[in-house]
Amino acid sequence: MERLVAPSMLSADFANLACNIEMVNKSQADWFHLDVMDGVFVPNISFGFPIVERIKSLAVKPLDVHLMIIDPDRYIERFSAVGADWLTVHYEACAHLNRTLSQIRKFGMKAGVAVNPHTPVENLIDILEYADMVLIMSVNPGFGGQGFIPNSIGRIERLSKIINSKGLQTLIEVDGGVGPNNAKQLYEAGAHVLVAGNAVFKADNPLAAIEAMKKA
Ligand code: DX5
Ligand code: ZN
């Protein structure tokens with residue numbers, strides 16, 4: 001089973017972005033997780049195309065772009081152009097999810113669908129074939145540094161069973177309040193990709209925090 005770690009650049013020091021990118025490049029982390037927020041779908045605004053493009057120019061690992069925006073269809077082509085390798089949209093923000101995920105794949109990216117903490121994972125049963133990854137939000141999206149919502153563990157276990165029963169290879173990613181303290185439990189519940197912002201960038205030793213998650 002894959003055990004991937006994706007540091008969330010939302011918690012990086014934007015005045016020292018190049019150093020923080022270099023740290024992730026040299027670390028045991030697998031992907032860069034980039035949180036794009038529009039101030040409408042979530043009550044916060046983060047960064048957009050110029051930052052994603054600049055990170056792409058320095059990153060030696062795939063970019064995992066998490067869109068917390070309404071009507072993401074408008075921007076699929078542009079995220080492909082600035083270098084997204086994985087593009088995840090929110091279930092709650094898409095009226096035509098099948099079309100959206102198909103478009104993401106058409107532009108050469110891997111397609112992800114994220115679910116907020118209140119959305120039953122069972123709602124994804126008819127869309128899993130069209131998704132390369134499901135992102136389980138383990139906090140209400142919008143901010144780094146929040147506490148992990150405990151029932152997320154059961155949500156991962158339920159989703160994992162559904163994916164296995166369908167014989168699919170869909171990855172499960174978990175985002176929000178994740179770090180070395182709960183990594184083992186999350187992998188054991190069925191998660192494949194762990195996103196960590198504060199647990200990496202606010203740690204005394206970010207490289208060690210990443211390594212601890214990889215080895216959990
Ligand atoms: C929250 C974002 C997360 C965030 C995680 O809406 O999707 O990726 O950066 O931050 P931590 O790991 O600090 O909870
Ligand atoms: Zn995220």
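Before I start, one term: buried means under 20% relative accessible area, exposed means over 50%, and partly exposed lies in between, with a 1.4 Å probe and protein chains only as cover.

**Entry 1: ground rules.** I am looking at a predicted model, where local features need pLDDT of at least 70, side-chain atom pairs count only at pLDDT 80 or more, and totals for chains, interfaces and linings use all residues. Residues are numbered from 1 along each chain as its sequence is written, chains are lettered from A and ligands numbered from 1 in the order in which they are written, and side-chain values use heavy atoms, leaving out hydrogens and water.

**Entry 2: leucine 97.** I looked up leucine 97 and found it in helix 4. My note on terms: helices (H or I, at least four residues) and strands (E, at least two) are DSSP runs, numbered from the N terminus. Is leucine 97 buried or exposed? Its relative accessible area is 10%, so it is buried. I also checked its C-alpha against that of valine 40, 57 residues away along the chain, and the two are separated by 19 Å.

**Entry 3: who surrounds ligand 1?** I found 19 residues around ligand 1, and Ser8, Asp35, Gly142, Asp175 and Gly197 come nearest. Being near here means that a heavy atom of the residue lies within 4 Å of the molecule or strand. I sorted this shell into seven nonpolar, ten polar and two charged residues. For that sorting, Ala, Val, Leu, Ile, Met, Phe, Trp, Tyr, Cys and Pro are nonpolar, Asp, Glu, Lys and Arg are charged, and the others, Gly among them, are polar. Strand 2 (32-37), strand 3 (63-68) and strand 8 (193-196) each give the shell at least two residues.

**Entry 4: contacts of ligand 1.** Which atoms come close to its oxygens? I noted a polar side-chain atom of serine 8 at 2.8 Å from an oxygen atom of ligand 1. Glycine 142 places a backbone N or O atom 2.7 Å from an oxygen atom of the ligand, and asparagine 198 does so with a backbone N or O atom at 2.9 Å. Taken alone, ligand 1 exposes 380 Å², and the protein buries 99% of that.

**Entry 5: two loops.** Valine 139 turned up in the loop between strand 6 (133-137) and helix 5 (152-165). Its relative accessible area is 4%, so I wrote it down as buried. The C-alpha atoms of valine 139 and proline 150 are 9.5 Å apart, with the two residues eleven apart along the chain. Next I visited aspartate 71, in the loop between strand 3 and helix 3 (76-81). Aspartate 71 has a positive phi of about 50°, although it is not a glycine. With a relative accessible area of 38%, aspartate 71 is partly exposed.

**Entry 6: phenylalanine 107 and glutamate 173.** I found phenylalanine 107 in the loop between helix 4 (97-106) and strand 5 (110-115). It is partly exposed, because its relative accessible area is 27%. Where does glutamate 173 lie? I found it in strand 7, residues 171-175. Glutamate 173 has 0% relative accessibility, so it counts as buried. Its C-alpha is 11 Å from that of aspartate 132, and the two residues are 41 apart in sequence.

Key:
A polar contact is a pair of N or O atoms within 3.5 Å; within protein, one must be able to donate a hydrogen and the other to accept it, and residues adjacent in sequence count only if both atoms are side-chain atoms. Accessible areas come from the Shrake-Rupley method with a 1.4 Å probe; for residues, only the protein chains shown count as cover.
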